Amino acid sequence: MNPVFITPDLVQKCIKRLKASGGAGPDNLPSEFYKHCQRFTVFPLSVIFNISLQTGLLPPIWKSAIVTPVCKKGSPSDRANYRPISLTCIACKLLELCVTDGLLTYLMTHNIITRHQHGFLSKKSTIIQLFECNLDWTIAINGRRPVDIVFLDYAKAFDSVVHKKLIHKLSCYGMCEMV
């Protein structure tokens, strides 16, 4: 059983989360199109998304992007201060949002993600995690218990993913291969 089945309601929920100002991708369909036409597009999109998940295939245009340089810091005249931004098709972004929502629902329902997880869950930011840690440390120190804190920098740790390992790990949690 595939843990992600995309319903029209889920597509509609994801369309509402789209930024209205988002740029159009290679198909020239901006997020405003999906917002204004959602009544007519949620059902066909849910069918396309489910077929895509079942077959492991995407429309070719969804695999392409318009790459544009964006200055992130420093002088705009220094090309080292730019990083590429990929404008992909909004429909593909919607599919990603739907899959993310479905996977998180599955992981939370089956208690695979602990309540202590922060960073990418709704209402569980890394700032809230820092507040919780600070509270735990304060309670321990006030109780005269020792506290050890180790800080690790994972800035580059998630730049690449070994897909075979990821798929294996997902299948260990009861999810079908989606490739």
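**Stop 1: the aromatic pairs**

Start with the aromatic rings. This is a predicted model, and a search of the whole structure finds 2 aromatic pairs. Each pair is described by the distance of the centres and the angle of the planes.

Select Phe33 and Tyr34. Their rings form an edge-to-face pair. The centres are 5.1 Å apart, and the planes make an angle of 85 degrees. Now show the surface. Is each partner buried, exposed or partly exposed? Phe33 has 31% relative accessibility, so it counts as partly exposed. Tyr34 has 4%, so it counts as buried, the cut-off being under 20%.

Next, select Phe49 and Trp62. This pair is also edge-to-face. Here the distance is 5.9 Å centre to centre, with 65 degrees between the planes. Where along the chain do the two partners sit? Phe49 is in helix α3, while Trp62 is in the loop between α3 and β1 (66-71). They are 13 residues apart, and the pair links distant parts of the chain. Both Phe49 and Trp62 are buried.

**Stop 2: the nonpolar core**

Keep Phe49 selected and add Ile6, Val11, Tyr34 and Leu94. These five have the most contacts inside the largest nonpolar core, which has 27 residues. Colour helices α1 (8-17), α3 (38-55) and α4 (90-109): these are the elements that give two or more residues to the core. Which element gives the largest share? That is α4, with 10 residues. In soluble globular proteins, nonpolar side chains tend to be buried together.

Zoom in on Ile6. Beyond its neighbours within four places in sequence, Ile6 is in contact with Val11, Phe49, Leu53 and Leu95. Ser46, Asn50 and Cys98 are contacts of Ile6 as well.

**Stop 3: Ser31**

Move to helix α2 (residues 31-36) and pick Ser31. At 1% relative accessibility, Ser31 counts as buried. What does its side chain reach? The backbone oxygen of Ala20, at 3.4 Å. Now show what surrounds Ser31, again leaving aside neighbours within four places in sequence. Its contacts include Leu18, Lys19, Ala20, Ser21 and Gly22. Ile90 is in contact with Ser31 too.

**Stop 4: helix α5 and what follows**

Finish at helix α5, residues 126-142. How far apart are its end C-alpha atoms? They are 24 Å apart. That agrees with the expected span, because 17 residues at 1.5 Å a residue should also cover 24 Å. Then step just past α5 to Arg144, which takes a positive phi of about 60 degrees.

Terms used:
Residues numbered from 1 in each chain as written. Predicted model: local features only at pLDDT ≥ 70, side-chain atom pairs only at ≥ 80, totals over all residues. Heavy atoms only, no water. Helix = DSSP H or I, 4+ residues; strand = E, 2+ residues; numbered from the N terminus. Buried < 20%, exposed > 50% of the residue type's maximum accessible area, 1.4 Å probe, protein only. Polar contact = N/O pair within 3.5 Å; in protein donor to acceptor, adjacent residues only side chain to side chain. Contact = heavy atoms within 4.5 Å. Expected span 1.5 Å × (residues − 1). Core = buried A, V, L, I, M, F, W, Y, C linked by side-chain atoms within 4.5 Å. Phe/Tyr/Trp six-rings, centres within 6.5 Å; stacked < 30°, edge-to-face > 60°.
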